[in-house]
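Me: I'm new to this structure and would rather understand one part well than skim the whole thing. Please pick the part where the helices pack together and take me through it closely.

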Amino acid sequence: YSAVNSIADLTTQFRSLLTAATNAASTDSSSVTASATEMLSEMASLLNTQYSGSYLFGGSHTEQAPVDVSGTTYAAATSPSTADTSYYQGDSAVASVRVSDSQTVSYGVTADTTAFEQIMRAMNLVANNSPLTTATLNEALNLTTSSVGALGVVQTKISNASASIEKASAPQTDYQSYAQTRGSAPTRVHVRPGQAHFCP
């Protein structure tokens with residue numbers, strides 16, 4: 001969730017950059033392009049976030065970085081563009097956890113999901129086209145705005161999954177605490193004439 005929040009923050013920053021560029025009387029293409037190049041690299045780094053040595057956004061391919069934005073893997077985009085997930089090195093498996101005998105909660109997100117693809121493509125467009133045309137800037141801005149909305153959906157999905165996991169685990173945690181308490185209780189011996197009962 002923290003990584004997705006950082007991605008949402010970076011996307012919002014990029015939208016502000018594009019909004020300023022489209023509203024300016026004249027645009028310093030080199031400056032905007034340089035910023036987009038830097039942000040694209042930062043976005044790739046966020047999508048390559050690891051936790052305990054495992055990559056979070058690569059599906060079941062947790063042992064390798066899921067995103068590669070090098071020129072040989074992720075070609076420069078041109079306007080008008082089409083969806084392009086060639087930067088993605090993972091698979092379509094979505095991480096999940098079994099929280100009870102009857103319930104499994106899916107919580108994973110892969111780096112090729114629409115929200116991420118759109119912002120990656122928007123940054124690619126701006127980073128690799130100079131001088132920037134009005135059409136390119138407008139397309140990148142539209143993609144970024146769409147990504148902001150889609151990222152909100154991703155954040156909600158993760159929040160709901162987290163709540164479901166916590167709700168399902170709470171009674172199990174309570175039972176485990178109860179069992180541990182009962183297991184650590186001292187054994188009492190009740191002695192009656194001719195017999196002994198051991199009570200846990």
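Reply: Reading the protein chain from its N terminus, you meet its elements in the order α-α-β-β-β-β-α-α-β-β. That gives four helices and six strands, where helices are DSSP runs of H or I with at least four residues, strands are E runs with at least two, and the numbering starts at the N terminus. Keep in mind that this is a predicted model: local features need pLDDT of at least 70 and side-chain atom pairs count only at pLDDT 80 or more, while totals for chains, interfaces and linings use all residues. Residues are numbered from 1 along each chain as its sequence is written, and side-chain values use heavy atoms, with hydrogens and water left out.

A quick bit of background on the chain. Of its 200 residues, 33% are buried (under 20% relative accessible area; over 50% is exposed and in between is partly exposed, with a 1.4 Å probe and protein chains only). If you take the contacts (heavy atoms within 4.5 Å) with a separation of 6 or more, 65% of them link residues 24 or more positions apart.

Now for the helices, starting with α1 and α2. Their axes come within 10 Å and cross at roughly 165 degrees (axes are lines fitted to C-alpha atoms, for helices over the stretch in contact, and angles run from 0 to 180 degrees between N-to-C directions). That is why α1 and α2 are roughly antiparallel to each other (over 145 degrees; under 35 is roughly parallel, 65 to 115 roughly perpendicular, and the rest oblique). On the α1 side, the contact uses Ser6, Ile7, Leu10, Thr11, Gln13, Phe14, Leu17 and Ala21, and α2 brings in Val32, Ser35, Ala36, Met39, Glu42, Met43, Leu46 and Leu47. Sorted by class, that contact has 11 nonpolar, four polar and one charged residue (nonpolar covers Ala, Val, Leu, Ile, Met, Phe, Trp, Tyr, Cys and Pro, charged covers Asp, Glu, Lys and Arg, and the others, Gly among them, are polar).

Next, follow α2 (residues 29-47) over to α3 (residues 114-127). Here the axes are 8 Å apart, and the packing angle is about 150 degrees, so α2 is roughly antiparallel to α3. From α2, the residues that make the contact are Val32, Thr33, Ala36, Thr37, Met39, Leu40, Met43 and Leu47, and from α3 they are Phe116, Ile119, Met120, Met123, Asn124, Val126 and Ala127. The class count for this contact is 12 nonpolar, three polar and no charged residues.

To finish the trio, look at α1 (residues 2-23) against α3: their axes are 11 Å apart and the angle is about 40 degrees, which makes α1 oblique to α3. Val4, Ile7, Leu10, Thr11, Phe14 and Leu18 of α1 meet Phe116, Ile119, Ala122, Met123 and Val126 of α3. By class, you get 10 nonpolar residues, one polar and no charged.

A good residue to zoom in on is threonine 11, which sits in helix α1. Its relative accessibility is 0%, so it counts as buried. Leaving out residues up to four places away in sequence, threonine 11 touches Met43, Ile119, Thr144, Ser147, Val148 and Leu151.

Over in α2, serine 29 is also worth a stop. It counts as buried, at 13% relative accessibility. Again skipping residues up to four places away in sequence, serine 29 touches Ser130, Pro131 and Leu132. The peptide bond joining serine 130 to proline 131 is cis, with omega near 0 degrees, and proline 131 lies in the loop between α3 and α4 (134-184).

Serine 41 is in α2 too, but it is partly exposed, with a relative accessible area of 45%. Its C-alpha is 7.4 Å from that of valine 69, although the two are 28 residues apart in sequence.

Two loop details round things off. Most residues other than glycine have a negative phi, and most peptide bonds are trans. Serine 52, in the loop between β1 (50-51) and β2, has a positive phi of about 55 degrees without being a glycine. Serine 52 is exposed, at 69% relative accessible area. The bond from serine 79 to proline 80 is cis, with omega near 0 degrees, and proline 80 falls in the loop between β2 (54-55) and β3 (96-98).
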